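This report looks at a predicted model. It takes up the DNA surface, then the contact between chains, then the fold of one chain.

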There are 2 protein chains.
Amino acid sequence: MHSSTVTVEYSISDLCKEFDITTRTIRHYEDLGLLSPSRRGQSRVYTPSDRTRLRLILRGKRLGLSLEDSRQIIDMYEPGKTNINQLNTLIDAIRVQRTKLNQQLDDISKLLKDLNDAEANCVIALKTNGQN
Amino acid sequence: MHSSTVTVEYSISDLCKEFDITTRTIRHYEDLGLLSPSRRGQSRVYTPSDRTRLRLILRGKRLGLSLEDSRQIIDMYEPGKTNINQLNTLIDAIRVQRTKLNQQLDDISKLLKDLNDAEANCVIALKTNGQN
DNA sequence: TATAACGTTTACGTCAACGTAAACTTTGAA
DNA sequence: TTCAAAGTTTACGTTGACGTAAACGTTATA
């Protein structure tokens, strides 16, 4: 039996291009412990898992999370060697995040509604001011 | 005919308490042109409209918007003396914001799903590790 | 009247999240 | 072989969003 293994990997510039960020940004995330790529020689080598983490970090950024927040959330996905105490605090942390996200959902729906109103007003103003 | 007018107003500390922020924060927003309260003597006096603007700013913050972004969005609500050109660029800006918000909605729903999975894993781990 | 409680301005400090520059190494193609 | 492209480390700079401290004015009430 032969299981073929196609080890996928990425260079730092691969990820930069894909996500439209700079090398500085990626190295910065590594400095903060959000990424820990292996090395070939002195060059960084990223796995699909690293790439996923990066995607999660950027998603967090779009939601206004700090890098530290993102680090904690991402760590939630890898329970790894957490003991029971940690599991309970983890569950609490998860619920805290969920509460924040639900607040955001509410905020967004209100903002979307406001934008709809604003746009409607614009359209009306455009029709009314056929002169000018 | 007599229209009774109960002019509602707020002091800076009123708003600080209501929204749980500092005076420094409110004055900072004023420095950036997001608020422009009137004065009685040298003290700032805030109207319900000012209060609404503040609420919108803080909502923007929860969504990860910069103060500059919030300023622009809030200005969308007050078309005021905008001419037709401005109205069209305004409509474009509104649609840009809407796109971003929809992206956020998508991000949030994914994150919520991830958190659900993470919590489920925690619960399983808790049951499995009845020992330890 | 004095002393809190609240307001003000001015200005330097801080922290996160990178930007930017310098100086260097490694590697593949001409 | 040389030279351009891509990689590296180190370190100071910048921007946004306030914090913090100093020094001062106003008002109410004990």
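## The surface near DNA strand D

Helices and strands are taken here as DSSP runs, helices being H or I runs of at least four residues and strands E runs of at least two, numbered from the N terminus. On that basis, chain A supplies at least two residues from each of α1 (12-19), α2 (23-31) and β2 (43-45) to the surface near DNA strand D, and chain B does likewise from each of α2 (23-31) and α4 (67-77). The element that gives the most to this surface is α2(B), with 3 residues.

DNA strand D is surrounded by 17 residues, of which the closest are A:S11, A:S13, A:R44, B:S66 and B:L67. Sorted by class, the surface near DNA strand D holds 10 polar, 5 charged and 2 nonpolar residues.

## Contact between chains A and B

In the predicted model, 33 residues of chain A are in contact with 32 residues of chain B. On the chain A side, α3 (48-62) and α5 (84-128) each supply at least two residues, and the largest share, 23 residues, comes from α5(A). By class, this side of chain A has 19 nonpolar, 8 polar and 6 charged residues.

## The fold of chain A

Chain A contains 5 helices and 2 strands, which follow one another along the sequence in the pattern α-α-β-β-α-α-α. Its radius of gyration is 22 Å, well over the 14 Å that the globule rule gives for 132 residues, so chain A is more spread out than a compact globule.

Taken along the principal axes, the C-alpha atoms of chain A fill a box of roughly 75 × 40 × 40 Å. Buried residues account for 20% of the 132 residues in chain A, and of the contacts in chain A between residues at least 6 apart in sequence, 39% join residues at least 24 apart.

Definitions and conventions. Residues numbered from 1 in each chain as written. Chains lettered and ligands numbered in written order. Predicted model: local features only at pLDDT ≥ 70, side-chain atom pairs only at ≥ 80, totals over all residues. Near = placed C-beta within 6 Å. Nonpolar A, V, L, I, M, F, W, Y, C, P; charged D, E, K, R; others polar. Contact = placed C-beta atoms within 7 Å. Rg over C-alpha atoms; globule rule 2.2 N^0.38 Å. Buried ≥ 20, exposed ≤ 12 C-beta atoms within 10 Å, placed from the backbone.
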